[in-house]
Every structure is written in structure tokens, then in C-alpha cells.
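Please look over the sequence and the structure below before reading on. The paragraphs after them are meant to be read alongside the coordinates.

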Amino acid sequence: MSIFLGFCRFANRSGLKIPHLRRKDVCETPTLGDFSKSQSFFERNSVEGTNRPEIYEEIVQTGDADRALFNLINIEKILILKIRFDTIALQLMTVNRDQITEVDLLTMTLDGEAVQFTEGETIYQVADRHRKEVPTLCYDDRLEAFGACRLCVVEVEGIRNPVASCTTKATDGMVVKTATEAIEKHRKTLLELVVSENRNVDVDELSGYASQEMKNLVDRYGARTGRFQGRKSGTSNTKDKNPFIVRDYENCISCYRCVRVCAEQEGDYAINVMNRGFDTQIITEFNQDLRDSECTFCGQCVQTCPTGALGDRKALRDVETPGELKKTRSICPYCGVGCSVDLLTKGDKLVGVQPAMDGPANEGALCIKGQFAFDFVQNADRLKKPLIRRDDGELHECEWNEALDAAAAGFAKVRDKFGRHAIYGVASGRAPHEAAYTMQKFIRAGFGTNYIDNCSRA
Ligand code: SF4
Ligand code: SF4
Ligand code: FES
């Protein structure tokens, strides 16, 4: 008997340890709308013995996907259905029952409600899963928790001082309150202190993916009080003229997300921290410019910075461009990895690219090309019409029919004179599957040769 396991988070919650399933695979709880949109998928993909219709029915009736799936957990094989809610993209993974180990479910009290978790989860992870809006600034769920900003503090019964929920493991029987009056006051004061140090809270959203995090929290807590005045830390690096990254450290709050993402995600260790306290400064080795350092300009530090201290220099060119900023999910057009990106547009203009944090292939990572090399899309030099070399030896614009006829005549001439193996096709590594398929068909069926390859290998 098989079952559809609606989303990966359920595995954790159900006390199952499933191979290849990491915590970051955990998805948001789907809404009924999401499920109804995916019903046709349920219907189309029948597997022998699968009781998906019952699951679907129960989800619809109870509105509780967790419970519906939990009730059907006594199984031999699980099909894990990963649901991406922006596009309702569905991804299947099969796991055999004997690969699954059951782990103990522990219980804690979260804001008066008994909730379950598995050993190793932090208080923040459990709270986040239960939709508690615990504020964070130094947290990025792709990185090791750091515990620097203390905004995520919660009250734990039996512990006198508030504890940082992002670094404190949940334990069985723990009683936690996430938003008492004292805790919220504490958070507001922390934010007032942080804000007092920064030159500018209202950075443009084109700065980067996470650039509005601090601004949003400051507004949520009404922390623009100006109550604290004093020394400021961080000196903006205006001499670094690299074309991609603004380094405006007067807006830096020393959360070290940039340093950590560079080390933990990119494996690059291009930046680090110099000094302590008010003299803290993010630098490269020997404080040289980014382009002279180990930096690969992947842009991950920019996208994780919660204040816009690190900004996307190319996107920020269009701050004044009129129009509402729109994000459209797409796939990077460069290599065959297939990184998910969000294209930033204003009107008809592509103004920037941000990595998709939930992209299955990249999980928020991009390379320099995917992140910053998008100017070609609207470059004036881009060919819009085919060119044909005429008798004068020069290239001239022509219509597509004429160009295709000329190309066909050229191929036929080569084949007739030198034979079919004189033709060798190299498909673009940037082409989608369909185009690659058509290309090999063209070479194989059209010319009768198997001389076909892909530029990624050729
Ligand atoms: S530059 Fe941004 S990400 Fe880096 S430490 Fe400062 S605020 Fe944090
Ligand atoms: S762009 Fe990438 S490699 Fe360069 S400092 Fe930032 S995270 Fe590190
Ligand atoms: S998010 Fe927990 S200390 Fe910063």
C-alpha cells in the first residue's frame, strides 16, 4: 500500500526520519486552494494501491492536511510530494518503508498549546512551524544559527532571562511564551538601539532580497523613536568600485549573515570581520577591493543582508525608473543547472535578478552570471533580425525566410559535396529541453548522422 505524503514538514512532525529529506525541504502548509489546484495531478498520477483520493477528501473536509496524512501513515512506501506554492510545481520522491526510521516525538507547550517536535529542533524552528511571528535579524534558515541580534528571544519557564530561540534547542516538557508584553518591549528596545546606529533604515527594495527585513521590523515595533543617540559603527567602503555590490556599512548591524553565507553557502570565505564593538567592520582579506579578493560575485551576501548595507548595484540603477516593482519566477538562462530566479521588472524593463530561496536546484544560490549578467536582454547591440552575408562580403539584415533558405542551401551543399558526416551539430547548453530535442532530431533525421553534441561537453 502506498500513500501520498503531502509535504515534507509532515515527516518531521510525524516523527519520521526520511533519508535525503533535510529540514530545509520543509514547506509552508498548503492551503486548500493549493490542494484543489493540484487535484488534477492527484488524479492523473495513479499508483497501484494508492489511496490519494481519500487523503484529498479528508483534506478538503477537515482542512487539516497534517492530520489527513497522519491518519494514513501505516504504510510500506511513501511518495513524497513536494509542493512549491508559487507555481504549484510538484516534485515526487519515492522512499521505501524500510528506509524510514521512526523517531520519538517530543512535546512542549508553545503559547499555551501543546505542540510536537523532534529532537534537535530549536525553539525558533518549532515556533516558526506553528506560525508564531518571532522576529529575527541575524537568522537565515540556510545558515547555522548565530544568536547575535537577540530579537528572537522568548520566555522559557524556569529560566530567569529571555533566551534566544534560534540557538536554544527545544526540550521535552518545555513551556515557552513567544510574545509576552515584556518580550515585545525588549524587542522594541533592541530595535531602537539598532536603528540608532544606522544612517538609513528606508533602503530601496531593489537593494536585495532580504533588504527590507529591518525596515519591516522597525515599522512593526514602532521603533523610530530616536530615543538613543550616540556612536555609530561601520564605515562605508566607497572606494570599492566593483560593478556589482554596494558596500554601505553605515547601514551594517553586524549580523554577519554576509560573512556566514559566503563561508557556509558559497564556500568562499572572501569576507570576514575586523575589530569588535563600534569598530566592527566587514572586510576582505587585507581589506582590499572585492575584485582583488576571493569573491566570486555570487551576490549571496547582498541577498541575505537584512538592512541593504550590501546592495545590488545594478538593480539600484533603476530606483528612479517609474513603475511598480514586479517579481516573476523564471529559470536562469545560462547553464544547464536550472537555477530558479525571480526577475525584477518595472514596466517592460528588466531591472534586476534575485535568487529564488526555494529554488530546487539552487536554494538561494546563483553564480555571477545568473545574478548580475542580465544586461544582454535589453542591450541595444542584441540582434533582432537575422544577418546574411551578400556578394559584397558584408552582413546585411534580412527576413527569416531568406535566412533559413540560405542556411538550408549551405547545409545541402556541404552534404552533397562531402557526405552526411561532414555535418556536426552542437546544441546550446542554454537551450531548453525541447530545443535540444529538436536539434538532435534535425541532425539525426535531417542529415542521417549521429554527429550531435552539446556545448557543455563539446
Ligand atoms: S553587511 Fe549586512 S549582512 Fe553583513 S553584517 Fe552588515 S548588516 Fe549583516
Ligand atoms: S559576492 Fe559571494 S563570494 Fe563575494 S563576498 Fe559576497 S557571498 Fe562572498
Ligand atoms: S535571530 Fe536569534 S539571535 Fe538573531
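What follows goes through the core, the surroundings of the ligands and some of the helices.

This is a predicted model. A starting point is the largest nonpolar core, which has 69 residues. Within this core, Leu137, Val218, Cys258, Cys301 and Leu310 touch the most other members. In soluble globular proteins, nonpolar side chains tend to be buried together. Leucine 310 touches Cys258 and Cys301, and its contacts beyond four places in sequence also include Gly208, Ile245, Val246, Arg247, Val302 and Cys305.

Some of these cysteines reappear around the ligands. Ligand 1 has 13 residues around it, and those that come nearest are Cys252, Cys255, Cys258, Cys305 and Ala309. By class, the shell around ligand 1 contains nine nonpolar, three polar and one charged residues. Around ligand 2 there are also 13 residues, of which Cys262, Asp268, Cys295, Cys298 and Cys301 come nearest. The shell of ligand 2 is made up of eight nonpolar, three polar and two charged residues. Two helices contribute to the shell around ligand 2: H9 (257–264) and H10 (300–304) each supply at least two of its residues.

Val218, named above as a member of the core, belongs to helix H8, residues 213–220. Which residues of H8 are buried? They are Glu213, Met214, Leu217 and Val218. Viewed down the axis of H8, these buried residues fall within an arc of 125°, so they line one face of the helix. Helix H7 (181–197) is part of what covers the buried residues of H8. Just after H8, glycine 222 has a positive phi of about 55°.

Helix H12, residues 400–418, gives another picture. Why can H12 be said to lie largely in the open? A residue counts as buried when 20 or more other C-beta atoms lie within 10 Å of its own; of the 19 residues of H12, the number buried is zero, so the helix lies largely in the open. The length of H12 can be checked too: at 1.5 Å a residue it should span 27 Å, and its end C-alpha atoms are 27 Å apart, which agrees. Just after H12, glycine 419 takes a positive phi of about 95°.

The last stop is methionine 439, in helix H13 (residues 433–447). With 17 other C-beta atoms within 10 Å, methionine 439 is partly exposed. Leaving aside residues up to four places away in sequence, methionine 439 touches Gly425 and Ala427. Asparagine 454 is 15 residues from methionine 439 in sequence, and their C-alpha atoms are 9.9 Å apart in space.

Notes:
Residues are numbered from 1 along each chain as its sequence is written. Chains are lettered from A and ligands numbered from 1 in the order in which they are written. This is a predicted model: local features need pLDDT of at least 70, side-chain atom pairs count only at pLDDT 80 or more; totals for chains, interfaces and linings use all residues. Helices (H or I, at least four residues) and strands (E, at least two) are DSSP runs, numbered from the N terminus. The expected span of a helix is 1.5 Å times one less than its number of residues. A residue is buried if 20 or more other C-beta atoms lie within 10 Å of its own, exposed if 12 or fewer, and partly exposed in between; C-beta atoms are placed from the backbone. A residue is near a molecule or strand if its C-beta atom, placed from the backbone, lies within 6 Å of it. Ala, Val, Leu, Ile, Met, Phe, Trp, Tyr, Cys and Pro count as nonpolar, Asp, Glu, Lys and Arg as charged, and the others, Gly among them, as polar. The arc is that of the directions from the helix axis to the C-beta atoms. Two residues are in contact if their C-beta atoms, placed from the backbone, lie within 7 Å. A nonpolar core is a set of buried Ala, Val, Leu, Ile, Met, Phe, Trp, Tyr and Cys residues joined through C-beta atoms within 7 Å.
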